[in-house]
Amino acid sequence: MSERIVVDPVTRIEGHLRVEVNLDETGKISDAYSSGTSVRGLELILKDRDPRDAWAFAQRICGVCTLVHGLASVRSVEDALGWEIPPNAHLIRNLMSAAQYVHDHVMHFYHLHALDWVDVVSALDADPKATSELAQSISTYSKSSPGYFADAQTRVKGLVESGQLGIFANAYWGHEGYRLPPEANLMAVAHYLEALAWQREVVRLHAIFGGKNPHPNFLVGGCASPISTDPSASTGGFDGTSVNVTTLQQVRDVIATMREFVERVYLPDTLAVASFYKDWFRRGEGVGNFMTYGDFPLDSSGDRSSWMVPAGVVTNRDLGSFQPIDLNDPEQVTENVARAWYSYSDGDDIGLHPYDGQTKFAYDGPQPPYTHLDVESNYSWLKSPRWRGQPMEVGPLARMVTWLATGNERATELATGALRQLDLPVEAIYSTMGRTAARALETQMFVEQMDGWLDALFANIAAGDLSVHNAKMWEPRTWPKLAKGVGTVEAPRGALGHWIVIRDGKIDNYQAVVPTTWNAGPRDADGGISAYEAALMDNHELAERDKPLEIIRTLHSFDPCLACAVHVAGDDDTQGLDISIK
Amino acid sequence: MSLAPDKETTDGFIQAILAELATRLAELASTGIEAQIDLRSLPMDPPKRAALDAKLGKGDVTATIADRAGRTEVFETRYAGVWRLAHYDMHDTLLMEEIAIAPVPDILRADPTDMAEAAARLGAELALDTKKGHAND
Amino acid sequence: MTEPQTVGEMLARKGISRRALLRYAAWVTSIMALPSSMTRAMAQGIADTKRMSVIWLSCQECTACTESLTRSYSPTIDDLIFDFISLDYHEALQAAAGHQAEEARLKAMEDNKDNYVVIVDGSIPLGNMGYSTVAGHANADVLRETAEHALAVVAVGSCATWGGLPKADPNPTGAVSVSQIVRNTPIINISGCPPIPEAMTGTLAHVLAFGQIPELDHLGRPRAFFGNSIHDRCYRRPFYDKGLFAKSFDDEGARKGWCLYELGCKGPVTYNACATLKWNGGASWPVQTGHGCLGCSEPDFWDRGSFYKPLPASTEPLATPLAAGAVAGVAAGALASRAAKTRREILGAMSKPKDAADTTDKT
Ligand code: SF4
């Protein structure tokens, strides 16, 4: 007789995620069900609005990957209208997006994922001097003195002794699955604190180009960050705008700060932690199919071959199977609602391409408070996107796979280096820890690119090109009566696309298909399983049923972002709510 | 097109602040009532700011408080009892600036709790030294 | 040595003296426009109190409010959660998951009955209780239960304060604000999408130090942060006054920092502290980069027409109330010792009629 384990809330993620799993007699997960439990209906809200406003709404899909939806949105409008943007705008967007990667991945590792591997309470037993030696053996990072680690230890001790553990209260401390020695735990805790301070500094890059973070500004047709060349003289002592030669120098400093932390802290820490958990390279594979939309254009010609991340799919772990994708092809990308709390007018068992996307809320789950979902029926606010009917994994591991498939030299070098260091075969990447390691490795790749983009921006400015916005198509009356487009971003969590239909200058249909929807969706009409569920069903045994540490490890390896994943298409049929209550 | 603020506005603004300072300083001298003015609450563009700095100038006393949470720079202006304070956080970002009208700014005074703690610590150290001293005899 | 209990003792352990606390208090009283004479009382209040238990509930949200909090410069997020408050429940940050997380919330409620603070981000859907649940419980039920014995509820972000994005037309899920759910506990609204981090931490410091909620405006927002319009304090204001406007996002005027009014800036009808506190440690703020203010701290700003449509010319901004008030010190509510303040008294203070001077909801 199987036993049901529920984890809700899955914490240290963005948004509201619940999982229910069945254990077989041996304690292994035999079935897993992932459910998004909160819906907002954003795309319905976007209908009939000015497409130039859409970015601000879309950006509020998520405040963690705070800029990717703004970027996807402005790109969708630009794609629909054939609106070219100046080279400087591409560079600024690349810089902002890459900064998002670095910020997001580091925070994910330390503040969302690390506590799955790091036992904070055990750090109290560490010897700061030995910790210092450990830290110095794996990195040249300057903050590594015994005093530095003793300070971190004192802070945690303060919490424990005060009896108010705050965010560390009631966790799985002491679980047999924690395997780091106290010193490694203390090192990670110190870096948890360090990363909190670091992240606050590096988002200044977003503030300089976008005015604030979270939720920096975007603008259809380029960037809303005019470059002022000589602020003080022209404005009588006031700064002109926040982008000028002085602040671009600050951007340079931010990039250096990012790079130092990634190279000397994040990457070495990830590999050090991974070396204690090698069995986690043998479980948690997803669906074995990977997809990237590609991104980081280096010029405005739209030439995809110059993109840093390629666009394509790899199926069945077969690197030779790489093939390009066409997001406008109704046969390729579809969204399915067979097991979600939505209904389609022509039946729930067909998939719809995002341009034709439609949805009605059709909540027939249990009325709260409830203890179990009806997983045999509908069980999530997430739809299930498919590529040619197949589930795909998107995100850092997918990027690593398409990079390897297309022979990207730097990615190959980083991946083989890490595998060699850990003494693991290449198949090890298809796993929980493989996903976590791929995230750290790609962060290194992005941070290495940033100086080059900034150099190019400086060079353009020096050559007199200050242009950041193409205003030619700003007025909606210059637009065609009907236009369709898709804006894609290779976001930190994976392939992101916003599909837009513009009619008479207004949004007629808007559909966002986001990374976490690809990975975390419920089953489809054919019983096809998405990546979260597949990964949990791959070789997971719970050591303690009341403390399902194994489950959250694998879920966190995907960096779930649930507010992103849950959405609703805007469609004429959807104006009236259709709620059927069980 | 230049947009340098008019000289009159600047002069008027500085006059207003100085008048306020004069009143408070007189009050301090006669009644001992201290006052603080938060410079953040006064919208000053760079020219106004420069004019104020020039007028107040620098006097005899300068002090720095540096601790693990940040730093405070204190100096007396050319007017006795009128102090300038600038507070920085641990990343050396300027938090705020103020003008204090006081015999000595509050933050320079040692806090009773800190003093009590110091007294206890000193006592303990003394006791330890004495013990060590005996041990060495 | 006795176990550290108060914030002052926690800080002392870290080697942080009362002087440093005084510096912080000077900054909070400054950004909250409290009279500077309250600085010492604030430092003392913070030092003497136990770390305040805080329960953070997330409803229909995007987590930007939490992200924003982590960007706070003073106090920093680590100072906040290690030294000032005990963040006993926060889904995005806490280590515990599943039922252990829920137990942590219930325990904090029990241990700190009538003394903990609830922070809420996100709106609450009433269209169907299944639209947003945590641990199988509807957001509305959890909020009601948790708020009942709280000292105060702080609604952060425009979704929690006004309904925000989910409530934007046609409000598909029947989303409402915190104030439509919570009835008998004082509410502080800190709007913004997201709010300025220091507005959140400053307000918490005030509650922590004085056991009292700060003076609020007619919309329940701390007057200190929402008392002036963006336009009142905008560095581009001299250009506005002289009629110098950027006509496109990349023209000569745009590069020189001219006023963004004609590009749709909502600064004149938006009350928030972006122009003075700025964002991300003073790195910039939206208008400074060259995009008009979206108006994100005002109720229903999503439904007030395009962000790029200029405000009607009749929108006459208020004159800036200048120096005099600030120099003289803004009157604030009388101080009372933390112990003497009961929730009833706080409630009483809250319901006092507000000064109508700033109720300039001009749209
Ligand atoms: S309209 Fe906007 S840009 Fe112009 S002065 Fe007012 S707030 Fe500043």
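1. Welcome to this structure. A good place to start is C:Lys278, which sits in the loop of chain C between α15 (274-277) and α16 (286-289). Please keep in mind from here on that this is a predicted model. C:Lys278 has a phi of about 60 degrees, a positive value, although the residue is not a glycine. Most residues other than glycine have a negative phi. Is C:Lys278 buried or exposed? Neither label fits: C:Lys278 has a relative accessibility of 23% and therefore counts as partly exposed, since buried means under 20% and exposed means over 50%.

2. Stay with chain C for a moment and look at another loop. C:Pro170 lies between α9 (164-167) and β8 (175-176) of chain C. The peptide bond that leads from C:Asp169 into C:Pro170 is cis, with omega near 10 degrees. Most peptide bonds are trans.

3. Now for chain C as a whole. The chain holds 18 helices and nine strands. It has 363 residues, and 69% of them count as buried. Of the contacts in chain C with a separation of 6 or more, 78% come from residues 24 or more positions apart. Chain C exposes about 11000 Å², with carbon and sulfur atoms supplying 55% of that area.

4. Chain A comes next. How many helices and strands are there in chain A? The count is 17 helices and twelve strands. Chain A has 582 residues, for which a compact globule would have a radius of gyration near 25 Å; the value for chain A is 24 Å, so the two agree. Along the principal axes, the C-alpha atoms of chain A fill a box of roughly 65 × 65 × 50 Å.

5. A few more totals help to picture chain A. Buried residues account for 69% of its 582 residues. If you take the contacts between residues at least 6 apart in the sequence of chain A, 75% of them join residues at least 24 apart. The accessible surface of chain A is about 17100 Å², and 48% of this belongs to carbon and sulfur atoms. As for charge, chain A carries 49 positive and 76 negative side chains, yet the centres of these two sets lie 2 Å apart.

6. The meeting of chains A and C deserves a look on your screen. Here 103 residues of chain A are in contact with 94 residues of chain C. The area buried between the two chains is about 8500 Å², and carbon and sulfur atoms give 57% of it. Which residues of chain A lose the most area to chain C? They are A:Arg155, A:Ile167 and A:Arg200, which together make up 9% of what that side buries.

7. One loop of chain A offers two things to see side by side. A:Pro214 lies in the loop between α8 (204-210) and α9 (231-235), and the peptide bond from A:Asn213 to A:Pro214 is cis, with omega near 5 degrees. A:His215 is also placed in the loop between α8 and α9 of chain A. Although A:His215 is not a glycine, its phi is positive, at about 65 degrees. The relative accessible area of A:His215 is 1%, so this residue is buried.

8. Another loop of chain A, between α5 (128-138) and α6 (146-162), is where you will find A:Ser144. With a relative accessible area of 7%, A:Ser144 is buried. What does A:Ser144 touch, leaving aside residues up to four places away in sequence? Its contacts are A:Ser132, A:Ala135, A:Gln136 and A:Phe149.

9. For a contrast with A:Ser144, turn to A:Asp303, in the loop between β4 (290-292) and β5 (312-314) of chain A. A:Asp303 has a relative accessible area of 38% and so is partly exposed. A:Asp303 and A:Gly497 are 194 residues apart along the chain, and 18 Å separates their C-alpha atoms.

10. Last comes chain B. Its secondary structure comes to three helices and five strands, and from the N terminus on the elements run α-β-α-β-β-β-β-α. Of the 137 residues in chain B, 37% are buried. Residues 24 or more positions apart account for 41% of the chain B contacts with a separation of 6 or more. The accessible surface of chain B is about 7500 Å², and carbon and sulfur atoms hold 59% of it.

Key. Residues numbered from 1 in each chain as written. Chains lettered and ligands numbered in written order. Predicted model: local features only at pLDDT ≥ 70, side-chain atom pairs only at ≥ 80, totals over all residues. Heavy atoms only, no water. Helix = DSSP H or I, 4+ residues; strand = E, 2+ residues; numbered from the N terminus. Rg over C-alpha atoms; globule rule 2.2 N^0.38 Å. Buried < 20%, exposed > 50% of the residue type's maximum accessible area, 1.4 Å probe, protein only. Contact = heavy atoms within 4.5 Å. Areas by Shrake-Rupley, 256 points an atom, 1.4 Å probe, with all protein chains shown as cover. Lys, Arg positive; Asp, Glu negative; His and termini not counted. Charge placed at Lys NZ, Arg CZ, Asp CG, Glu CD. Buried area = accessible area lost by both parts, 1.4 Å probe.
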